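Student: I am new to this structure, and I would like to learn how to read it step by step.

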Amino acid sequence: MLAAIAIHNFPEGMVTYLAYTQDEAVGVALAIGIAIHNIPEGLCVAMPLFYATGRRWYAFLWGTFSGLTEPLGALIVWGVLKNGMSGNTNGILFGLVAGMMTVISVDELLPTVRIKCFLVRSKLKADKSIG
């Protein structure tokens with residue numbers, strides 16, 4: 001879970017930086033929205049670690065670390081584009097970020113859906129055989 005959220009945050013940082021370079025108001029609004037949704041993401045990392053280890057600081061640090069990949073993504077894009085970017089570069093970067101997010105979502109979500117569907121089908125079959 002930690003790796004998935006950390007990888008997920010990397011392109012978010014890229015998009016936030018790119019949005020800010022195009023329109024500051026949009027970039028700030030996007031940063032606030034992403035910051036709000038990062039709270040439950042950090043909890044998703046920290047809570048299982050806390051309950052598994054009982055160590056609050058350990059869980060807090062790993063939850064924080066998972067979110068630090070977002071500014072890292074923004075820093076990398078800034079480093080690459082600090083001399084400016086063309087419209088084509090902007091489109092290519094947004095396309096790369098969209099592709100990364102799609103792959104991450106499909107890779108993480110589809111296996112979970114298959115497991116849940118299997119469990120639901122199994123329960124329905126069991127209910128029909130009993131009733």
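The dialogue below goes from the overall fold to a surface patch and then to one helix.

Tutor: Keep in mind that this is a predicted model, in which local features need pLDDT of at least 70, side-chain atom pairs count only at pLDDT 80 or more, and totals for chains, interfaces and linings use all residues. Residues are numbered from 1 along each chain as its sequence is written, and side-chain values use heavy atoms, leaving out hydrogens and water.

Student: How many helices and strands does the protein have?

Tutor: Helices (H or I, at least four residues) and strands (E, at least two) are DSSP runs, numbered from the N terminus. Here there are 4 helices and 0 strands, giving the pattern α-α-α-α along the sequence.

Student: Which residues form the nonpolar patch on the surface?

Tutor: A patch of this kind joins nonpolar side chains (Val, Leu, Ile, Met, Phe, Trp, Tyr) within 5 Å, from residues with over 30% relative accessible area and no salt bridge (a side-chain nitrogen of Lys or Arg within 4 Å of a carboxyl oxygen of Asp or Glu). In this case the members are Tyr 20, Val 28, Ile 32 and Ile 36; helix α2 (residues 24-53) supplies the largest share, 3 residues, while Tyr 20 lies in helix α1 (residues 2-22).

Student: Where is the kink in α3 centred?

Tutor: A bend is the angle between axes fitted to the seven residues ending at a residue and the seven starting there. In α3 a kink of about 25° is centred on Ser 66, and Ser 66 is also one of the buried residues of that helix, where buried means under 20% relative accessible area (1.4 Å probe, protein chains only).

Definitions and conventions: Patches are made of residues with over 30% relative accessible area and no salt bridge: like charges are joined within 9 Å, nonpolar side chains (Val, Leu, Ile, Met, Phe, Trp, Tyr) within 5 Å. Accessible areas come from the Shrake-Rupley method with a 1.4 Å probe; for residues, only the protein chains shown count as cover. Buried means under 20% relative accessible area, exposed over 50%, partly exposed in between (1.4 Å probe, protein chains only).
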